[in-house]
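I opened my notebook to look a few things up in a protein model. Here is what I was looking at.

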Amino acid sequence: MRRSAHRPFSNRGRLTVVLVVVTALMLTLLGRLWYLQVVTGPSYVRAATESRVRSVVLPPVRGQILDVRGRPLVANETKPQVSVDYMALIHQPDGGKDVLTRLAQALGRPYQEIADRARLCTGDVPRPCWPGSPYQPIVVADDVSVRTALWIAERQDEFPGVSTALRPVRTYPLGSAAAHVLGYLQPPSPDDPEGGPELIGRDGLEAEYDRELAGRTGIRQVAVDSTGKVTGLIREEAAVAGDTLVTSIDARVQELAERALARAVTAARKRGEPADSGAAVVLEATTGRVTAIADYPTYHPGVWTGGISQRDYEDLPLVSAAVQGQWPPGSTWKVTSTAAAAKAGYSLRASYDCPGGYTIGGRVFHNFESAELGRMDMRRALVVSCDTIFYRFAEKLWQRDGGLTPVKRPKDPMQAMAREFGFGTPTGVDLPHEASGRVPDRAWKKSTWERTRADSCRRAKTGYPEMSDRKRAAYLKALAAGNCRSGGVWWAGDAANFSIGQGDVLVTPLQLARGYAALANGGTVFSPRIGKQVVRADGTVSRTITPPVMGKIGASRTTLRFIRDALAGVPRTGTAAGAFEGYPFKRLPVAGKTGTAEAYGRQDTSWFASFGPVKKPKYVVVVVVSQGGTGGTTAAPAAREIWEGIAALTHDAKKHDKKAGKHKKHGSGTRSASLPPSALAGAGGAR
């Protein structure tokens, strides 16, 4: 057979191709190996290292919150706590169920309570649960007796993954007093970044000063194996304790306000008034510092310790009536209207008629109980709270601005004066979630109408068939029809209601206290502050907190002095005379104004705003009771009780100072461990 002449070359060619392919593959493999080891090697090393290191947060001791004299409002108490190691539990054959069952029996708690606290929070797991790192000890019981804690600690073979330790727990020496002011702590939400603090401030001062109170968390880095089991300690950085917050709150005045407010609500209910909520605010008139804020209803902030169920959470009265509650101010508002009338040119000493009713636009606006009070000057008008004089002022000023065809830039003098008193905007107090109140005017009413007109027109046709109260439903349907046609018009009646603190005007108790403080101190409007100093653990002052000045009232000093002198007659011979009968005016003279605000479908809101001593005001006291009746029957007696307590503290302080002076005179060198207890004597207040 004849052989091909080209076959040897063909075989050699194939070998060459194979050699080239093999060489290319080897080069590719070597290149990839070089890339993985040299170029991206460090990133893989980091990833491998990170997968074996876990961080555990070490919570610091949280700073205390003190009153102005150093008395603890929020303190720390060391208590035994029982924690579980989540990773140790889930690596047990049954996921830790047997351990948690024995632990629940030892603690005398239901198994489900302990199991719920030991689980991790996820999108579909409700509280109680643990929102932090699974490598951090999870507290499942923090009110354990020492005996029980020791019993568990001695039986680690029965409780693998369970530990006991003494840890600080928040305590509240005043009980429920100032609960809304102090706030509370809660674990961070599941959305918060891992590695944050174990507990954070969620409301009140705890939230506002959280960064300083919390201190600095420590960190412990541990090595873990591929199953998550801890194999060793890498490094540890100790936690730094939080700073202490010294406040301007006087615990004794705070307790006075709490008792007086609770008694006022109880007394109103006994008279048949619904009295569902209220507040009492005490400010230093010349500094803007807060001395006391009491809310009703209140609660004990200790309920947050150890976690709280969703149901119990929903039952808590978490809204502060003093800072977030808004009501029409009633006749307490007349101080702003008086100042506006004086600035507009009306004489405060002239004589004005006070009939039982005043007709505006075909509607009669009445005095309280349609009382015919005769002629009087503005001093008397404030003392007896004549409404019809203010109606007349409001109508005349409304007409100056053009009435129903307003000028291009209406002056709205009463609204302008109210804003100078600080109304219509938040006070800026160092508490979260403050309400802004409302100062309605032409622009507000028009914008509100434009926003709600479609709904008003719909309701004008359909009415309110879902309401069982047919009288109320008929009223609302008629109101909707009027709003549909011309709801954006600022009528003379709107101006009249505004002048006496009725209609759409709203204030918070703190705003009213701030306004009366400005009246009392000669016109300076402060932004109130509760915090006074932040103090480090070594006793040095980190920072001093001073209430900033927000503005000045644009009324003359003569006008403000006239109003102050007029209000001195209210508790002596005016609308609060019954509440202040027998009060020791010589010891601490008080001036004030009652307010009875009406609201359709609800009982009257009871107000009393006051300051004292009259000549050199130091304190402002404001009390409100929602659905509490008239200002003179509910709020004024509560304010009187607070003032009597302040007077007693002042008397005790003077005795203390006199006694201390005798010791100094005789060279005894003795000195009290704490300052004498009274802002009126200058102790504890800002200069």
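My entries follow, from the whole chain down to single residues.

**Entry 1: the overall picture**

I reminded myself that this is a predicted model. The chain runs to 687 residues, and 48% of them count as buried. I looked up the secondary structure too and found 22 helices and 23 strands. Then I checked how far apart in sequence the touching residues are. Taking the contacts with a separation of 6 or more, 70% are between residues 24 or more positions apart.

**Entry 2: cis peptide bonds**

I went looking for cis peptide bonds and noted two prolines. The bond from Tyr 296 to Pro 297 is cis, and its omega is near 0°. Pro 297 sits in the loop between strand E12 (290-296) and helix H11 (310-315).

The other cis bond I wrote down joins Gly 612 and Pro 613, with omega about -10°. Pro 613 belongs to the loop between strand E22 (602-612) and strand E23 (619-626).

**Entry 3: alanines with positive phi**

Which residue other than glycine has a positive phi near 60°? I found Ala 178. Its place is the loop between strand E5 (162-171) and helix H7 (179-182). Ala 178 has 5% relative accessibility, so I put it down as buried.

Ala 275 went on the list as well, with a positive phi near 40°. This alanine is in the loop between helix H10 (251-270) and strand E11 (277-284). Ala 275 counts as buried because its relative accessibility is 0%.

**Entry 4: aromatic pairs**

How many aromatic pairs does the structure hold? I got 13. I picked Tyr 352 and Phe 393 for a proper look: their ring centres are 5.2 Å apart and their planes are at 85°, so this pair is edge-to-face. The cut-off I needed here is that planes over 60 degrees apart count as edge-to-face.

The pair links distant parts of the chain, with Tyr 352 in strand E13 (residues 352-354) and Phe 393 in helix H14 (residues 387-400), 41 residues apart. Are these two buried or exposed? Tyr 352 counts as buried at 12% relative accessibility, and Phe 393 counts as buried at 2%.

Next I tried Phe 580 and Phe 608, an aromatic pair with 5.6 Å from centre to centre and 40° between the planes, listed as tilted. This pair also links distant parts of the chain: Phe 580 is in the loop between helix H21 (570-573) and strand E21 (591-599), while Phe 608 is in strand E22, 28 residues apart. Both Phe 580 and Phe 608 are buried.

Back to Tyr 352 and Phe 393 for a moment. Together with Tyr 346 and Phe 390, they form one aromatic cluster.

**Entry 5: arginines over rings**

I also checked for charges sitting over rings. Arg 363 lies over the face of Phe 365, 4.2 Å from the ring centre. Arg 572 does likewise with Phe 585, lying over its face at 4.3 Å from the ring centre.

**Entry 6: two packed helices**

A note to self: for two packed helices, I should write down the angle between their axes and the distance between the axes. So I did that for one pair. Helix H12 (residues 334-343) packs with helix H15 (residues 413-420) at an angle of about 120°, and the axes are 8 Å apart. That angle makes H12 oblique to H15. The crossing of H12 and H15 is right-handed.

Which residues meet there? On the H12 side I listed Thr 336, Ser 337, Ala 339, Ala 340 and Lys 343. On the H15 side they meet Pro 413, Met 414, Met 417, Ala 418 and Glu 420.

**Entry 7: two last residues**

Ser 320 is in the loop between H11 and H12. Its relative accessible area is 6%, so it is buried. What is Ser 320 in contact with, leaving aside its neighbours within four places in sequence? I found His 180, Asp 295 and Gly 325.

Val 224 was my last stop, in strand E8 (residues 218-224). Val 224 counts as buried because its relative accessibility is 4%. I compared its position with that of Val 53: the two are 171 residues apart in sequence, but 6.0 Å apart in space, C-alpha to C-alpha.

Note on methods. Residues numbered from 1 in each chain as written. Predicted model: local features only at pLDDT ≥ 70, side-chain atom pairs only at ≥ 80, totals over all residues. Heavy atoms only, no water. Helix = DSSP H or I, 4+ residues; strand = E, 2+ residues; numbered from the N terminus. Buried < 20%, exposed > 50% of the residue type's maximum accessible area, 1.4 Å probe, protein only. Phe/Tyr/Trp six-rings, centres within 6.5 Å; stacked < 30°, edge-to-face > 60°. Lys NZ or Arg CZ within 6 Å of the ring centre and 35° of its normal. Axes fitted to C-alpha atoms, helices over the stretch in contact; angles between N-to-C directions. Parallel < 35°, antiparallel > 145°, perpendicular 65-115°, else oblique. Left-handed = near helix turned anticlockwise from the far one by under 90°. Contact = heavy atoms within 4.5 Å.
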